[in-house]
Amino acid sequence: MAKENSNEIFFGIEKSWISVNKLLKKCKQDNLNNIFCIKLDAYWAFQLLFNDASVKKVLINYPDPCFKKSHISRRLTTREKLYIYAKKLVQTDEIRIRSDDYLFVEFTLKESKLLQCFSCIVSNPAINEPVTKYEKKWLSMNKYYPEKRKRTISYKN
């Protein structure tokens, strides 16, 4: 996406140093100067780094669904976190979440309905959307069925 939109700035937020370092190496290799990345929890990154109404789009790709009940508060789509994202968005833009976990999608939809500040659309990703390394892995092993499991949730302010 950064290659195709060289006039846009992309800011990655990740909790893993390994993922941050991989991204930065790839950016250097591909000579991409419009990507920045930080190792920080998304909640704090949004609170500390972005002004209200300054973010065009939030893309969350395959977040950890945090299966254990005691870990649900860690999800990136609790109502508190969705509220922070909504505050940072420019009024006409969106949050786009991709997940292959049905229960996570259901949880996210319930949380967003409690906020009542989004219109939600659940759909399968478009054919031209990028594929993650995990999608590629499961596809190569014939263990992944995107038409049945993958969902995109789009939130519009």
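**A tour from Trp44 to Phe67**

Begin by selecting tryptophan 44, which you will find in helix α2, where helices (H or I, at least four residues) and strands (E, at least two) are DSSP runs, numbered from the N terminus. This is a predicted model, in which local features need pLDDT of at least 70 and side-chain atom pairs count only at pLDDT 80 or more, while totals for chains, interfaces and linings use all residues. Residues are numbered from 1 along each chain as its sequence is written, and side-chain values use heavy atoms, with hydrogens and water left out.

Is tryptophan 44 buried or exposed? Tryptophan 44 is partly exposed, because its relative accessible area is 46%, and the cut-offs are under 20% for buried, over 50% for exposed and in between for partly exposed (1.4 Å probe, protein chains only).

Next, keep helix α2 (residues 42–49) selected and add helix α3 (residues 79–88), whose axis comes within 10 Å of the α2 axis and crosses it at roughly 30°; axes are lines fitted to C-alpha atoms, for helices over the stretch in contact, and angles run from 0 to 180 degrees between N-to-C directions. That makes α2 roughly parallel to α3, since angles under 35 degrees count as roughly parallel, over 145 as roughly antiparallel, 65 to 115 as roughly perpendicular and the rest as oblique.

Finally, select phenylalanine 67, which lies in the loop between β3 (55–61) and α3. Phenylalanine 67 has a relative accessible area of 62%, and is therefore exposed. Add leucine 103 as well: although the two residues are 36 residues apart along the chain, their C-alpha atoms are separated by 8.9 Å.
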